[in-house]
Every structure is written in C-alpha cells, then in structure tokens.
Amino acid sequence: MRGNMNNMMRQMQKMQKKMMKAQAELYEMTFEGTAGGGMVKVTANGKKEIIDVEINEEVVDPDDVEMLEDLLVAAVNEALDKVDEASAASMSKFTGGMNGLL
C-alpha cells in the first residue's frame, strides 16, 4: 500500500512539473484580436497582458470616439478569449483523465 502511495505522489509531482512547463510556454505566446476588419489590432500575451495596440488612422474620427472605443473593446476581448482557449486546451491535457477522480 505504501509503495502505491509513493508511486502516486511521484506521478503527481511529474504532472505538476509538466503543468508548470506548459503554463510557462503559454505565458510566452502571443494572441491577436482584431475588430473593424483589421482596423484595430490588439496583441496580448499568455498572462493576459496587453502588449501592443495598432489602430489604423482611417478609423480615428474625432466626431465618433465611441466607435473607436467599441472596436478596442472588441479586439481586446477577442485576444483575451484566445488566451483562455489556449489555456484551456493546454490544461485539458492534464485534467482529461481526472474526471472520474474529481
């Protein structure tokens, strides 16, 4: 019984190291969100930090700031959704077989 417990603990430690490596890899990735047919582009990293914003000057209209704000929000949300999707896909490798245990 004790041997089984030690073996299980070793397996859990291996899985934890793999999860930490996968998370570190995710943090290094970049994700792009666009809006307005590419007129606004936002880049986020895997930590959900916005690292770049590109705005095509054609979409900048001082009389319609609200449209630009909406495009920025849409592009940011798309980029962050992509981070969430990549994170979920990465973690599902580790949690996929645990459904019966949880």
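These exercises walk through a predicted model.

**Exercise 1. The sheet**

Work out how the strands are arranged and which of them stand at the edges.

Solution.
- Start with the order. There are 3 strands in an open sheet, arranged 1-2-3, with antiparallel pairing.
- Now look for the edges. Strand 1 (30-35) and strand 3 (50-55) each have a single partner strand, so one side of each lacks a neighbour in the sheet.
- Add the twist. On average, neighbouring strands are turned by 15° against each other, direction ignored.

**Exercise 2. Strand pairs**

Find how many bridges join strand 1 to strand 2, and how many join strand 2 to strand 3.

Solution.
- Take strand 1 and strand 2 (residues 40-45). Their antiparallel pairing runs over 6 bridges. One pair to locate is threonine 34 with its bridge partner lysine 41 in strand 2.
- Move on to strand 2 and strand 3. They pair in the antiparallel sense over 5 bridges. Here valine 42 has valine 53 of strand 3 as its bridge partner.
- Check the turn. The hairpin of strand 2 and strand 3 has 4 residues between the strands, and lysine 48 in this hairpin has a positive phi near 65°.

**Exercise 3. The long element beside the sheet**

Determine what helix 2 touches in the sheet and which of its residues are buried.

Solution.
- Trace the helix. Helix 2 counts 31 residues and spans 44 Å from first C-alpha to last, close to the 45 Å expected at 1.5 Å a residue.
- Place helix 2 (residues 65-95) on the sheet. It packs there, touching strand 1, strand 2 and strand 3. Its direction makes about 145° with that of strand 1.
- List the buried residues of helix 2: Leu68, Leu71, Ala75, Ala79, Val83, Ser90 and Phe94.
- Consider the spacing. An α-helix has 3.6 residues a turn, so residues three or four places apart point the same way.
- Ask what covers them. The cover includes helix 1 (2-28), strand 1, strand 2 and strand 3.

**Exercise 4. The cores**

Identify the residues of the largest nonpolar core and the element that gives the most to this core.

Solution.
- Name the members. The largest nonpolar core has 7 residues: Ala35, Val40, Val42, Val59, Leu68, Leu71 and Ala75.
- Assign them. Strand 2 and helix 2 each supply at least two residues. Helix 2 gives the most, with 3 residues.
- Zoom in on leucine 71. Beyond its neighbours within four places in sequence, leucine 71 is in contact with Ala35, Gly36, Val40 and Val59.
- Look further. Another core, of 5 residues, lies apart from the largest one and includes Phe31, Ala44, Ala79 and Val83.

Technical notes: Residues numbered from 1 in each chain as written. Predicted model: local features only at pLDDT ≥ 70, side-chain atom pairs only at ≥ 80, totals over all residues. Heavy atoms only, no water. Pairing = 2+ DSSP bridges. Axes fitted to C-alpha atoms, helices over the stretch in contact; angles between N-to-C directions. Contact = heavy atoms within 4.5 Å. Core = buried A, V, L, I, M, F, W, Y, C linked by side-chain atoms within 4.5 Å. Buried < 20%, exposed > 50% of the residue type's maximum accessible area, 1.4 Å probe, protein only. Expected span 1.5 Å × (residues − 1).
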